[in-house]
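Here are some short exercises to work through with the model open beside you. Try each task before you read its solution.

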Amino acid sequence: MNLKRSKKPMIITLALVAAVYIAVFIAEQQLPATSMLFTVLKKGAVYALVAVSMNLLNGFTGIFSLGQAGFMLVGAYVYGIFTIPVVQRAAVYQYFDGGVIQFTVPIIVAVIMAGLAAAFFAFLIGLPVLRLKSDYLAIATLGFAEIIRAIFQWNGLGPVTNGSNMLRAFPNFNDFNIKDTQGNVTVYLSTLIPFIMAGVCILLIVLLINSSYGRALKAIRDDEVAAEAMGINLAHHKRLAFCVSSFFAGVGGAMLAMYQTTVQAKSFTSAMTYEILLIVVIGGIGSVTGSVFSSFLFVACSEWWLRFLDEQQTIGDFQVPLLRNGFRLVVFSIIIMIVVLFFRRGIMGDKELPDLLSRRAGKKGRAVK
Amino acid sequence: MSEAVNKNEVLRLENITMQFGGVVAINNLSLEVNQGEIVALIGPNGAGKTTAFNCITGVYEPTNGIVYFHGRPIVVNHPQGKMVKQYGGINGDMYKDRKLVVHTPDRITHMGIARTFQNIRLFKSQTAFDNVLIGTHLRKMSNMFTATFRLNAKEEKANREKTAQLLEIVGLADVANELATSLPYGKQRRLEIARALATDPTLLLLDEPAAGMNPQETDELGEFIVDIKNRFNLTVFMIEHHMNLVMDISDRIYVLDFGKQIAEGTPEEIQKNPVVIAAYLGVEEE
């Protein structure tokens, strides 16, 4: 009986991941910082984390939640509110006398606070909402995300949230670059740091999924009645998954704030949740690696590779018809429809990268016999 | 009333009535199961056997009655609200002064009652090994953080060893890494039993364990049930339609028909009981 899975695919995967990190670091030192590649990599890393956190709920626990944008908003605001330098506060909170909070916390603390705040909101929302099933739960979480958005824009909370005005001037990814005394960048880290942050968070989620608790969550997804009969407390485990997922969505929100350099509640719409849901579906529901791949793919397509569709193009004397502002979104929608109709299991299905590698190894082994 | 008169008693149902709207699915059922026994619950289709199981395991809340487990009441209920008027059973007032006791199915599994299902409910996307491993989750001492950071390695290892052992015992060690749903039917049944055993039960409820098996498989299953009963010091309460199996291995039999208990006794007594024969075969009209 061979219960121990071969370690080899795992090692190959880790080596690949390490190679990616090294490649990112080298590329950042060599290529101009304005390259589109880094926009894609930064945003991709943020979306990868949020997509994996959503996959933890939708793919691994079987809770169909659409509240991700709301929890990201909470995370982004908490991060922004607690890291805007005190000297800048008068300018940022110009309509609210500089705001009420007049201190800052270190970035790492603020990021963790962002996650905890989102998890706390998730806990409160989860009390009534997690009693619901499937579509009803999706609608309820979507509604709560909208309510959170409205609350954060409310002028009454202005001294804290700056009302409907944007938060800005907090540390962003570019502040991670190491500069010399003249202000020239010596070591570029503005892409590597988000990669590391997202990587650590995703690693934690993967560890959770492969622990005893992760197995319990998968059991709930497969068969709630049987899971309960095996002594798994449904309410407790669902709440756990919901809070953990929201924690990482909050961290993702904080990272999105760093990426965007500004935060405004009105940008965290349900459209953002759908984008993330799409990433999850395209990557494969129940596959962490799928979510990571597809988020980079998605961001690259929407920000970079399909940009040319938005501009007038001429091939020789021939002007290509239809190409104008907004056409990119049409093409994008069609691609998505094709994926959803014909590749319903997404890129990875519910397999992970090590699974694919080991399956190949297994086939080879059988061929030898 | 007496609580735990009999020290050997594992499970006792007292005047359990389950009413869905106007339909009385179980009518005033009382029975007990003693330590080390194999007790069968039989009856024609729709007699309410699975409903009785669901009342014991907390899936349903019975409308009226008490379930004792090792002398401790784990379910206490009496008709309430609209049900007071609608109630179609008897003894409706008997427990109205008792404090209600309601437990979710997972709590009841914690107490030591494990079950299998009539239509197999394995975790479809997981291997046979993981299916059984999930059964060990409820006895964990770790919390989410220690589990995530692998600080519970010792417990995890013990659970994995226990799982491997259980699979060995039920004879599925060679298919441990196969997807649960890819196994043949008989093995899926055994896997479900292994999964139930992983929760460390003292009472095992089997809901038609031999459904869909051929006579030879059924015989093997009978031996298997007796074997695990002795090995794990269990008490077994089962629903079954295969009369050969029931008569072979049960110590006592309860017969249900239309939600009512119509007979109780040893296999020999039940075989001769005219009421049971009538319920199964119908009465010849003169």
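**Warm-up: chain A as a whole**

Chain A holds 15 helices and 6 strands, where helices (H or I, at least four residues) and strands (E, at least two) are DSSP runs numbered from the N terminus. This is a predicted model, in which local features need pLDDT of at least 70 and side-chain atom pairs count only at pLDDT 80 or more, while totals for chains, interfaces and linings use all residues. Residues are numbered from 1 along each chain as its sequence is written, and chains are lettered from A and ligands numbered from 1 in the order in which they are written.

**Exercise 1.** Describe the overall dimensions of chain A and its radius of gyration.

*Solution.* Start with the C-alpha trace, which spans about 75 × 60 × 45 Å along its principal axes. Next, take the radius of gyration over C-alpha atoms and apply the globule rule, 2.2 Å times the number of residues to the power 0.38. For 369 residues a compact globule would come out near 21 Å, and the 22 Å of chain A agrees with that. Then turn to burial: 44% of the 369 residues of chain A count as buried, meaning that 20 or more other C-beta atoms lie within 10 Å of the residue's own (12 or fewer is exposed, in between is partly exposed; C-beta atoms are placed from the backbone).

**Exercise 2.** At what angle do helices α8 and α11 of chain A pack, and which residues make the contact?

*Solution.* Two packed helices are described by the angle between their axes and the distance between the axes. Here α8(A) (residues 192–209) and α11(A) (residues 234–260) pack at about 175°, with axes 11 Å apart; axes are lines fitted to C-alpha atoms, for helices over the stretch in contact, and angles run from 0 to 180 degrees between N-to-C directions. That makes α8(A) roughly antiparallel to α11(A), since angles over 145 degrees fall in that class (under 35 is roughly parallel, 65 to 115 roughly perpendicular, the rest oblique). Now list the contact, which requires C-beta atoms, placed from the backbone, within 7 Å. α8(A) supplies A:P194, A:M197, A:C201, A:I205 and A:L208, and α11(A) supplies A:V244, A:F248, A:V251 and A:M255. Finally, sort them: 9 are nonpolar, with no polar and no charged residues (Ala, Val, Leu, Ile, Met, Phe, Trp, Tyr, Cys and Pro are nonpolar; Asp, Glu, Lys and Arg charged; the others, Gly among them, polar).

**Exercise 3.** What is the strand order of the open sheet in chain B?

*Solution.* The order of its 6 strands is β6-β7-β8-β3-β9-β10, with mixed pairing; strands pair if DSSP finds at least two bridges between them. At the edges, β6 (113–115) and β10 (260–265) of chain B each pair on one side only. From one strand to the next, the twist averages 20°. Inside the sheet, β3(B) (38–42) and β8(B) (235–239) run parallel and are joined by 4 bridges. B:L41 stands opposite B:I239 in β8(B).

**Exercise 4.** Is A:N162 buried or exposed, and where does A:N162 lie?

*Solution.* Locate A:N162 in the loop between α7 (158–161) and β1 (167–168) of chain A. Then check its backbone: phi is positive, about 65°, although A:N162 is not a glycine. With 28 other C-beta atoms within 10 Å, A:N162 is buried. For contrast, try B:H70, in the loop between β4 (64–69) and β5 (72–77) of chain B. B:H70 has a positive phi near 50° and is partly exposed, with 16 other C-beta atoms within 10 Å.

Key
Two residues are in contact if their C-beta atoms, placed from the backbone, lie within 7 Å.
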